[in-house]
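This report introduces a protein structure to a reader who has not met it before. The sequence and the coordinates are shown first, and the description follows.

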Amino acid sequence: MRLKEFICTALGCAPALVAACGGRAEQVREWSREELEALEAKWGTDWAFSGISTFAHLKHVKCLTTPSELFDIAIIGAPFDTAVSYRPGARFGPRAIRAASARQTTFRGFNPRAGINPCLNWARILDCGDIPVTPFDNAQALAQMSAAFSELGARAPRSPLLARPRLITLGGDHSLSLPALRALRAAYGRPLRVLHFDAHLDTWHPAKYPSRWATEQSHFNHGSMFWLAGQEGLLSNDSAAPSLHAGLRTRLSGDGFGDYDDDDRQGWVRLGADDIDDIGTAGIVRAILETLGTEDPVYLSVDIDVLDPAFAPGTGTPEPGGWTTRELIRILRGVEGLNVVGADVVEVAPAYQGTGEETTLAAAQVVFEILSSMVKKGMQEMGKTETGTEAKTVEETKAGFDGAKDEL
């Protein structure tokens, strides 16, 4: 036996390597487009219960390590929960929300409330996986999330409809809104306005969490991140261009309304959970649109505890007396005209929900509604043909849409 054959046999080489040792080369087959399309038609469609778990069965790409993959809207997970003040567990939120989105499929993804299928339209939507956030060091975690949001937000979008891609973050605790806003402030070169659905203010000065052992790092928590954002100049903090809370019902500090006074000084408008009893969902929608308008860039942040614990028990700081899932969806559909440039759905802690997954199902539906609104807003931009430049944009967009359909 020749030496090279003996070595290959003795080492138990793979068949391809044995063939190479014997001097034979394997022919790699080149598949035609028609053959690949036939394979895709035969095997490419998953049922709701099959396939690897991505949000709504979207294509999964580790976008942070694959800059060549262009996207218009990214689903990105931030499995971080070590800035909470009560129950931890939201680090498992991204995984659970993805699992709960399993019945959202491309072939049955038409949203009758919005009148579109967001996955079969102009936007290329990817599940970009998770930011690998450390659970051991909150300062490092904040730096990681800030860098990741900045990296993804600076990518070129696929569609000419957008100047910048959109990110929808699956939380994770609510502190992740701070690094997300940092990235958007840098990308847009101006302070943002926020539409904040929550039972709690989250504009608390860190000193409202009294402790003799407080440190500067403890200021970064899930109840003070909007206070920090205001201090860093990320929010407009302007009475003429305020941000807005909706669904509030939290207890306040001390023996008065000092928390509301602090909130006023930071440039926020408040809608309480009980307001829906007086003005209905239509009144809530009207108040939001009158406050925020449809032109300024808005960050949409949905803490799942805006819902009553009967509908979303799987959260870290539940508060009785909240909205129903249907009411929240109705409001989200009503504000679809907002210029939403980024969003998150946070504080989903699946360990505390029931076996029916009511919390994660609600969260997945909220993401679906936000996706629908982002895509629908882009369709409105597609219709602008007043100048030659805009007309060219429409043609480019149609070409991009055809390319996107080819990839589905």
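The text below treats the sheet, one of the helices, the salt bridges, the nonpolar cores and some points of the backbone.

## The sheet

The structure is a predicted model. Eight strands form an open sheet in the order β2-β1-β3-β8-β7-β4-β5-β6, and their pairing is parallel. The edges are held by β2 (125-130) and β6 (268-272); each has a single partner strand, so one side of each is left without a neighbour in the sheet. On average, and with direction ignored, neighbouring strands are turned by 15° against each other.

Within the sheet, β3 (residues 166-171) and β8 (residues 339-346) pair in the parallel sense over four bridges. In this pairing T169 stands opposite D344 of β8. At the β6 edge, helix α8 (residues 258-265) lies across β5 (243-248) and β6, and α8 runs at about 135° to β6.

## Helix α6 and its surroundings

Helix α6 spans residues 177-188, which is 12 residues. From the first C-alpha to the last, α6 reaches 16 Å, close to the 16 Å expected at 1.5 Å a residue. The buried residues of this helix are S177, L178, P179, A180, L181, A183 and L184. They pack against two helices and three strands of the fold, namely α5 (138-153) and α7 (225-231) together with β4 (193-197), β7 (297-303) and β8. Just after α6, G189 takes a positive phi of about 65°.

The loop between β3 and α6 contains G172. The peptide bond leading from G171 to G172 is cis, with omega near 15°.

## Salt bridges

Side chains of opposite charge can pair when their charged atoms come close. The structure holds 19 salt bridges, and three of them are set out here.

| Pair | N to O distance |
|---|---|
| R98 and D127 | 2.8 Å |
| R193 and D296 | 2.9 Å |
| R265 and D262 | 2.4 Å |

What does the bridge between R98 and D127 tie together? R98 belongs to helix α4 (residues 93-100) and D127 to strand β2, so the pair ties together parts that are 29 residues apart in sequence. R98 is buried, with a relative accessible area of 7%, and D127 is buried as well, at 1%.

The bridge between R193 and D296 joins strand β4, where R193 lies, to the loop between α9 (275-292) and β7, where D296 lies; the pair therefore ties together parts that are 103 residues apart in sequence. R193 is buried, with a relative accessible area of 6%, whereas D296 counts as partly exposed at 22% relative accessibility.

The bridge between R265 and D262 lies within a helix. These residues are three places apart in α8 and are thus separated by about one helical turn. An α-helix has 3.6 residues a turn, so residues three or four places apart point the same way. R265 counts as exposed, at 61% relative accessibility, while D262 counts as partly exposed, at 21%.

Salt bridges also link R113, R333, E336, E369 and K376 in a network.

## The nonpolar cores

Which residues of the largest nonpolar core touch the most other members? Among its 55 residues, these are L195, F197 and I288. Helix α11 (residues 358-382) gives the largest share of this core, nine residues. Leaving aside residues up to four places away in sequence, I288 touches L195, F197, L244, L271, G293, I331, V335 and L338. Another core, of 39 residues, lies apart from the largest one and includes L142, V194, W227 and V341.

## Positive phi values between α3 and β1

The loop between α3 (33-43) and β1 (73-78) contains A56, and H57 lies in the loop between α3 and β1 too. Phi of A56 is near 55°, a positive value in a residue other than glycine. For H57, phi is near 60°, which is likewise positive in a residue other than glycine. Are these residues buried or exposed? A56 counts as buried at 4% relative accessibility, and H57 counts as partly exposed at 24%.

Definitions and conventions. Residues are numbered from 1 along each chain as its sequence is written. This is a predicted model: local features need pLDDT of at least 70, side-chain atom pairs count only at pLDDT 80 or more; totals for chains, interfaces and linings use all residues. Side-chain values use heavy atoms; hydrogens and water are left out. Two strands pair if DSSP finds at least two bridges between them. Axes are lines fitted to C-alpha atoms, for helices over the stretch in contact, and angles run from 0 to 180 degrees between N-to-C directions. Contact means heavy atoms within 4.5 Å. The expected span of a helix is 1.5 Å times one less than its number of residues. Buried means under 20% relative accessible area, exposed over 50%, partly exposed in between (1.4 Å probe, protein chains only). A salt bridge is a side-chain nitrogen of Lys or Arg within 4 Å of a carboxyl oxygen of Asp or Glu. A nonpolar core is a set of buried Ala, Val, Leu, Ile, Met, Phe, Trp, Tyr and Cys residues joined through side-chain atoms within 4.5 Å.
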